[in-house]
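Dear colleague,

I am handing over the structure below, together with some notes for a first reading. Please look through the model before you turn to the text.

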Amino acid sequence: MGQLWSMFRQMLPPAPTYTEKDYPDLTGKVFLVTGANTGVGYEVARLLHSKNAHVFIASRNESKALSAIDKINSSSSSSCSSSKGTLTFLKLDLSDLSSIKQTALDFDRLSNEQGLGGRLDVVICNAGVMMPEPGSMTKQSYEMQLGTNCLGHFLLVKLLTPYLLATVQGKTHDKPSEGTVRVVWVSSSAMDLSSPKGGIPLDEEGNVVGAKIGTPTGGGDGKSEEKEAKKGGILSIGPRSEAYGISKAGNYFEGTEMARRMMKEGVVSVALNPGNLHSELDRHVNSIYFFRLARTLMTYSPVHGAYTELFAALSPEISLSNSGCWVVPWGRIGDPRPDLVAASRTKEEGGTGQAEKFWKWCEKEVEAYV
């Protein structure tokens, strides 16, 4: 009953209490937001810029990103028009692991050109893919949602971690307040609603089952499994919604596992459900009548999702002491499904160790692109 009440409050949450009127002045601080050219990411970039932050808009589509930057800069809002911050396009294709190292190199170059010295206070992993056409794959043949939402962001954060650590240590500018250097992983309510028990299906060797399109899922002679896998990799083990839920469980595990590994280093890591939102994320499912009707009745504007993400990025309610927590709409600390909480803990902590195994799998998969 408690879990049902928690899910109900995530779908129909109370009004946001931590909004732009509560955000501190962010002069000198540097944020990187993926997918910030549209939807929730755009609203996040706009609100950060209005508080004088330097914002890197990491996006695959340069023209859309530049249009978003122009729109924010030309806003009639006095806070945007008088901002001391900057908005900078950063080329990022999360669906191609071989391109992400260049993104990190570009960040370094652009940061130094702007006199920011490599400072990086917060990374917000906002971009995502939801329920694309079956068979959609990344450049490296991973199922699109798992490859983009999980592996792409994992590699990006791994390459940017030296900048986060340098910022914590005060090597770039003045040392920031404790617990303000953060990584925010945008998950979804789909993690609770659609992922299987334990969040992510792993085989005995710790590999994600059906992660790549065209690979067997195990069992039998492999032929029937391979045929199914060609339809969509991880989609072969469940419906489309489950594959999305699995990728979002992956984001939650990335958040909790990074928190466990980086707490002593001073970096906070938080995962969240941004809320039920009307945005371009659902562009692949708008043709499905049920989804279209449900999202018409139960979705909110993108700025509400931005409030959730910026609570995770800025709120003093989050610190090193509760790093790894789960944030729910529109900026509250909540609880995921009990089996997912258990999966996020190591066996030594009384959990199943699923998140630790998933992290190690991600490390192995991106090793060649570091």
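The notes below take up a sheet and then a pocket.

This is a predicted model, in which local features need pLDDT of at least 70 and side-chain atom pairs count only at pLDDT 80 or more, while totals for chains, interfaces and linings use all residues. Residues are numbered from 1 along each chain as its sequence is written, and side-chain values use heavy atoms, with hydrogens and water left out.

Eight strands (DSSP runs of E, at least two residues, numbered from the N terminus, as are helices, which are runs of H or I of at least four) make up an open sheet of mixed pairing, in the order S3-S2-S1-S4-S5-S6-S7-S8, where two strands pair if DSSP finds at least two bridges between them. Strands S3 (86-91) and S8 (332-334) are at the edges and have a single partner strand each, so one side of each is without a neighbour in the sheet. Strand S2 (residues 54-59) runs parallel to S3 and is joined to it by six bridges, with Ser-59 opposite Lys-91 in S3.

The second largest pocket (an open set of points on a 1 Å grid over the protein atoms alone, where a 1.4 Å probe fits, with protein on both sides within 12 Å along at least five of seven lines) holds about 280 Å³ of space, a volume being the space filled by probe spheres set on the points, which are joined across faces, edges and corners. Its lining (residues with an atom within 4 Å of a point) has 17 residues, of which Thr-256, Ser-323, Gly-324, Ser-344 and Arg-345 are the closest to the centre. Helix H9 (240-262), S8 and helix H12 (338-344) each supply at least two residues of this lining, and H9 gives the most, with four.

With kind regards
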